[in-house]
Amino acid sequence: MLPILMMLGAYIPSTPSLGIAEGRCRPNEPGPAIIVNVAGLSDRKGRLKLEVYPSNDRDFLADDNVLIMAGKTFRRVDEPVPRSGPVQLCVRVPQAGRYSLSLLHDRDSNHRFGLSSDGIGFPNNPRLGLSRPRAAAAQVMAGPHRTPVTIMMNYRRGIFFRPLTH
């Protein structure tokens, strides 16, 4: 389907800004949003990239362009890691419901996942091995207002990803 869209000129080029405007939280704005408390950062370098996907295995971690072109939910927050204090990200969602989230600690700010240096985290802290978790393992039920969730960061230790605190 994507090549047909490209031929018709309807393809949205991938950029780090896709989904950011839709996901931006504003002070005192009502409506559904997810507040992510980030735990277990290895350091305070780089950027944090939080992404929201439909909560099904086909769409979870799918290409942002494909999701947007299909009219599916995709939201992104991309911010520098704060130098100190608690780390919290807010992302708006279109309505209350189930969503799957991923959080990347892009330590060198290159907008790519570095297998040996960057961290990854999901709600519910599923065990991370050689494959990605299922959508249900990284799922959050967003309520009609702001829903808090904690994501524990995992970094590569041997062939697996684990929290640094264990």
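This section describes the fold, the nonpolar cores, the aromatic pairs, the internal spaces and selected residues of a predicted model.

The secondary structure of the protein comprises 3 helices and 10 strands. Read from the N terminus, the elements follow the order α-α-β-β-α-β-β-β-β-β-β-β-β. The protein has 166 residues, of which 43% count as buried. Among contacts with a separation of 6 or more, 74% join residues 24 or more positions apart.

In soluble globular proteins, nonpolar side chains tend to be buried together. In the present model, the largest nonpolar core contains 22 residues, and I34, V36, V38, L50 and L101 have the most contacts inside it. Two or more residues of this core come from each of β1 (33-39), β2 (47-54), β4 (87-92), β5 (97-106), β7 (139-142) and β8 (146-152). A second, separate core consists of 10 residues, including Y53, L128, A135 and F161. The surroundings of I34 were examined individually. When residues up to four places away in sequence are not counted, I34 touches L89, C90, V91, V93 and L101, together with V140, A142, T147 and V149.

Aromatic side chains were considered next. A pair of aromatic rings is described by the distance of the centres and the angle of the planes. The model contains 4 aromatic pairs. One of these joins Y53 and F60 in an edge-to-face arrangement, with 5.7 Å from centre to centre and 90° between the planes. Both Y53 and F60 are buried. F60 also pairs with F122, again edge-to-face, at 6.0 Å centre to centre and with 70° between the planes. F60 belongs to the loop between β2 and α3 (64-69), whereas F122 belongs to the loop between β6 (119-121) and β7, so this pair ties together parts of the chain that are 62 residues apart in sequence. F122 is buried, as is F60. Together with F74, the residues Y53, F60 and F122 make up one aromatic cluster. Y53 thus has a place both in this cluster and in the second nonpolar core.

The internal spaces of the model include a pocket and a cavity. The largest pocket encloses about 480 Å³ of space. Its lining is formed by 25 residues, with L61, S102, F113, I120 and F122 lying nearest the centre of the pocket. F122, a member of the aromatic cluster, is therefore also one of the pocket-lining residues, where lining requires an atom within 4 Å of a pocket point. At least two lining residues are supplied by β2, and at least two by β5. By class, 13 residues of the pocket lining are nonpolar, 5 are polar and 7 are charged.

The structure holds 1 cavity of 30 Å³ or more, and the space in the largest cavity is about 30 Å³. The residues R47, K49, D78, L104, D106 and H111 line the largest cavity. Strands β2 and β5 are the elements that give two or more residues to this lining. The cavity lining divides into 4 charged residues, 1 polar residue and 1 nonpolar residue. β2 and β5 accordingly contribute to the lining of the largest cavity, to that of the largest pocket and to the largest nonpolar core.

Two residues other than glycine were noted for their backbone geometry. N28 has a positive phi, near 60°, and is located in the loop between α2 (20-23) and β1. With a relative accessibility of 78%, above the 50% cut-off, N28 counts as exposed. L61 likewise has a positive phi, about 65°, although it is not a glycine. L61 lies in the loop between β2 and α3, the loop that also holds F60. The relative accessibility of L61 is 28%, which falls between the 20% and 50% cut-offs, so L61 counts as partly exposed. L61 is also among the residues nearest the centre of the largest pocket.

R146 provides a further example of contacts between separated parts of the chain. R146 is located in strand β8 and is partly exposed, with a relative accessible area of 37%. Its C-alpha atom is separated by 8.5 Å from that of R92, although R146 and R92 are 54 residues apart along the chain. When residues up to four places away in sequence are not counted, R146 touches C25, R26, E29, G31, A33, I35 and C90. C90 is also touched by I34.

How values were computed. Residues numbered from 1 in each chain as written. Predicted model: local features only at pLDDT ≥ 70, side-chain atom pairs only at ≥ 80, totals over all residues. Heavy atoms only, no water. Core = buried A, V, L, I, M, F, W, Y, C linked by side-chain atoms within 4.5 Å. Buried < 20%, exposed > 50% of the residue type's maximum accessible area, 1.4 Å probe, protein only. Helix = DSSP H or I, 4+ residues; strand = E, 2+ residues; numbered from the N terminus. Contact = heavy atoms within 4.5 Å. Phe/Tyr/Trp six-rings, centres within 6.5 Å; stacked < 30°, edge-to-face > 60°. 1 Å grid on protein atoms, 1.4 Å probe; cavity = no way out; pocket = protein on both sides within 12 Å on 5 of 7 lines; lining within 4 Å. Points joined across faces, edges and corners; volume = space filled by probe spheres on them. Nonpolar A, V, L, I, M, F, W, Y, C, P; charged D, E, K, R; others polar.
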